[in-house]
Amino acid sequence: VRTGSLSSAMRTTIGALVTIDVHQRDVIQEMAELGIHSASAFEWLSQLRYYWEDAECVPGGAFKPGTDTMVVRMMNATRPSDFEYLGNSFRLVITPLTDRCYRTLIGAIHLNLG
């Protein structure tokens with residue numbers, strides 16, 4: 001990394017991954033300090049989570065019977081993943097406000113408001 005042999009795109013990718021990993025580490029550390037042990041705890045439910053599930057059980061999806069798909073969950077919202085690619089972009093920081101925005105947006109999509 002320090003030798004300068006990384007391309008600009010690779011450096012951007014590594015920077016984004018490190019930012020995301022640091023945020024995830026901080027969230028997990030906070031949950032551990034709070035003693036969160038339940039999958040129904042608000043602190044866990046308020047995190048953006050991805051699951052691989054039977055497509056027939058996914059609300060809002062039109063899938064072939066017997067297939068599986070990725071599901072995005074946060075709070076009480078469940079949405080099929082669109083497998084969208086957002087590109088290789090730099091992430092400066094992820095804050096509690098970023099998490100709050102994700103909760104608001106997925107809640108609006110869940111209620112068909114977005």
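This is a short conversation about a predicted model, its paired strands and its pockets.

Student: How do you know that the predictor is confident in this model?
Tutor: Confidence per residue runs from 0 to 100, and the protein averages a pLDDT of 85, with 90% of the residues scoring at least 70. Among the elements, helix α2 (residues 42-45) has the highest mean, 94, and strand β3 (residues 77-80) the lowest, 86.

Student: Why are strands β1 and β2 called paired?
Tutor: Pairing needs at least two bridges. Six bridges join β1 (residues 49-54) to β2 (residues 68-74), so these strands count as a pair. They run antiparallel, and Asp-54 stands opposite Asp-68 in β2.

Student: What makes β2 and β3 a pair?
Tutor: Four bridges join them, so the need for at least two is met. Met-74 has Ala-77 in β3 as its bridge partner. In the hairpin of β2 and β3, two residues lie between the strands, and Met-75 takes a positive phi near 55°.

Student: What makes Tyr-50 a lining residue of the largest pocket?
Tutor: A lining residue has an atom within 4 Å of a pocket point. Tyr-50 is one of the 37 residues that line the largest pocket, so Tyr-50 meets that cut-off. The pocket holds about 1,400 Å³ of space, and α1 gives the most to its lining, with 10 residues.

Student: Why is Leu-48, in that lining, counted as nonpolar?
Tutor: Leu is among the residue types that count as nonpolar, so Leu-48 belongs to that group. The lining divides into 21 nonpolar, nine polar and seven charged residues.

Notes
Residues numbered from 1 in each chain as written. Predicted model: local features only at pLDDT ≥ 70, side-chain atom pairs only at ≥ 80, totals over all residues. Heavy atoms only, no water. 1 Å grid on protein atoms, 1.4 Å probe; cavity = no way out; pocket = protein on both sides within 12 Å on 5 of 7 lines; lining within 4 Å. Points joined across faces, edges and corners; volume = space filled by probe spheres on them.
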